[in-house]
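Colleague: Could you take me through one part of this model at close range? I'd like the pairing first, then whatever else helps build the picture.

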Amino acid sequence: MQIVDNLHFGPHDERMTAPTTHLSPALKQATPVVVDHALGSWIHGTDGNRYLDFTTGIGVTSTGHCHPRVVEAAREQVGKIIHAQYTTVMHKPLLALTEKLGEFLPSGLDSVFYANSGSEAVEAAIRLARMVTGRPNIIAFHGGFHGRTVAAASLTTAGTKFRSGFSPIMGGVHIAPFPYAFRYGWDIDTAVAFALKELDYLLATVSSPADTAAFIIEPVLGDGGYLQTPPAFLEGLRRRADQHGIVFIVDEVQAGVGRTGKFWGHQHSEATPDIVITAKGLASGFPISAIAASTELMSKAWPGSQGGTYGGNAVAAAAAVATLDVVRDEGLVENAAKQGTALLDGLQALKGQYPAIGDARGLGLMLALEFVDDNGDPDAAAAARVQQTAISEGLLLLTCGGMGNVVRVIPALVVTDDEIAEGLDAIARTLKRAL
């Protein structure tokens with residue numbers, strides 16, 4: 001038997017081929033676009049085309065792509081220090097961000113912990129709630145998306161792809177109904193009354209209040225379908241949290257920093273959280289996240305339970321300070337409300353033209369179209385056709401929803417009147433071709 005010793009092959013041997021490395025095949029691209037550069041609401045592809053970006057990195061580039069003030073803040077900080085691990089040495093951008101964030105946080109939430117991603121912040125929030133209460137259980141709500149790490153995915157029911165295939169996931173999680181009025185075919189008041197009644201039943205039969213550490217909910221469902229959590233439901237959760245000593249966590253990872261036309265999504269209600277979570281839009285694309293709580297609550301975290309190598313990175317913190325300044329100085333919360341109204345009006349007008357659009361909804365610049373078939377059932381194929389057809393119309397959109405039948409529309413907070421009009425024209429052309 002002949003034995004070939006590969007060690008004898010030289011680096012230029014013709015039998016040797018250079019290894020080729022690929023991105024994981026588990027990653028699925030929503031569009032074929034390869035970015036050359038981007039500015040404001042526009043992405044310029046290597047194909048020579050430009051695209052109106054109504055995805056904004058899934059709601060991340062709040063001030064648009066490469067806002068000059070954010071770029072300058074990051075560039076300046078890179079020349080000073082890039083990584084200053086904040087449990088080892090403190091750095092000025094994080095101190096400045098903490099002070100600046102205090103201008104926007106709900107009253108009483110005066111203590112902040114920083115991480116890198118929304119998932120990490122969610123996990124920090126539920127860890128804190130369990131430590132504060134000494135209770136094991138977390139109640140989340142159907143359709144919520146809270147992240148992909150194990151504990152965060154255990155809270156997520158926006159789709160099985162986020163939580164399946166790596167069991168066992170974290171225990172102590174119970175899922176209560178969300179008041180999804182369109183899905184049930186009810187009015188909002190009926191849906192809210194039903195969901196609160198079912199939550200009370202869950203507390204009576206599955207997770208005793210004495211075992212329940214926290215409620216966690218998004219003020220607008222993200223991957224779950226861009227559904228506003230009705231104000232009455234948030235207020236009902238607040239009352240129950242107060243009654244039973246349960247920590248009320250509001251996940252503002254996607255809805256926060258002005259996206260809904262108020263700085264925080266929960267501000268459309270009278271309910272105030274015990275812990276608020278923020279991430280996506282906070283630094284215009286730089287990775288940083290945070291949880292905020294009262295000093296009293298945060299001081300009950302066990303020593304050493306909060307930390308992380310890259311959390312509160314100096315460059316990301318500098319970008320976040322600049323982002324918050326831009327949001328305030330350029331009136332971007334107000335612009336989100338104004339432009340969102342115009343965009344929603346346009347989407348609702350299109351709904352009247354196409355029976356396949358079952359619902360047009362949203363708050364601020366967090367909007368969606370839900371597609372249904374002739375029987376009123378979810379139509380994921382129609383949503384996929386719309387999302388893909390829009391690319392050739394120069395518009396980038398994304399799908400979402402537990403059944404995959406929702407197209408979400410997420411412009412940057414700097415979007416202009418003309419860009420809203422252009423986006424609506426592109427959606428109209430897309431619908432005519434796809435439906």
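Which residue in S15 is the bridge partner of glutamate 370?

Modeller: It's valine 406. Before going on: this is a predicted model, with local features needing pLDDT of at least 70 and side-chain atom pairs pLDDT 80 or more, while totals for chains, interfaces and linings use all residues. Numbering starts from 1 along each chain as its sequence is written, and side-chain values use heavy atoms, without hydrogens or water.

Now to S12, which spans residues 366-371 (strands being DSSP E runs of at least two residues, helices H or I runs of at least four, numbered from the N terminus). S12 and strand S15 (residues 406-409) run antiparallel and share four bridges; two strands pair if DSSP finds at least two bridges between them. S12 also pairs with strand S11 (residues 357-363), again in the antiparallel sense, this time over six bridges. In that pairing, leucine 369 of S12 sits opposite alanine 360. S11 and S12 form a hairpin with two residues between the strands, and glycine 364 there takes a positive phi near 55°.

What about the side chains? Six of the six residues of S12 are buried, so the rest of the structure largely encloses the strand. (Buried is under 20% relative accessible area, exposed over 50%, partly exposed in between, with a 1.4 Å probe and protein chains only.) Met366, Ala368 and Glu370 point one way, while Leu367, Leu369 and Phe371 point the other way. That fits the usual pattern: in a regular strand, side chains alternate between the two faces of the sheet.

There's also an open sheet of seven strands, ordered S4-S10-S9-S8-S7-S5-S6, with mixed pairing. Strand S4 (111-115) and strand S6 (173-176) stand at its edges with a single partner strand each, so one side of each has no neighbour in the sheet. Beside that edge, strand S5 (residues 137-141) runs parallel to S6 over four bridges, and alanine 140 has isoleucine 175 in S6 as its bridge partner.

Away from the strands, look at the charged pairs. The structure holds 17 salt bridges, each a side-chain nitrogen of Lys or Arg within 4 Å of a carboxyl oxygen of Asp or Glu. Arginine 69 and aspartate 329 form one of them, at 2.9 Å from N to O. This pair links distant parts of the chain, 260 residues apart: arginine 69 is in helix H2 (residues 68-78) and aspartate 329 in helix H10 (residues 314-329). Arginine 69 is partly exposed at 35% relative accessibility, and aspartate 329 is partly exposed too, at 44%.

H2 has a local pair as well: arginine 75 and glutamate 72 form a salt bridge with their closest N and O atoms 3.5 Å apart. The two residues are three apart in H2, so about one helical turn separates them. Arginine 75 counts as exposed at 54%, whereas glutamate 72 is partly exposed at 41%.

Then there's lysine 338 with aspartate 417, a salt bridge whose closest N and O atoms are 3.4 Å apart. Lysine 338 belongs to helix H11 (residues 332-351) and aspartate 417 to helix H13 (residues 417-434), so this pair ties together parts 79 residues apart in sequence. Lysine 338 is partly exposed, at 49%, and so is aspartate 417, at 45%. Finally, Arg69 isn't just in a lone pair: salt bridges with shared partners join Arg69, Lys100, Glu103, Asp325, Arg328 and Asp329 into one network.
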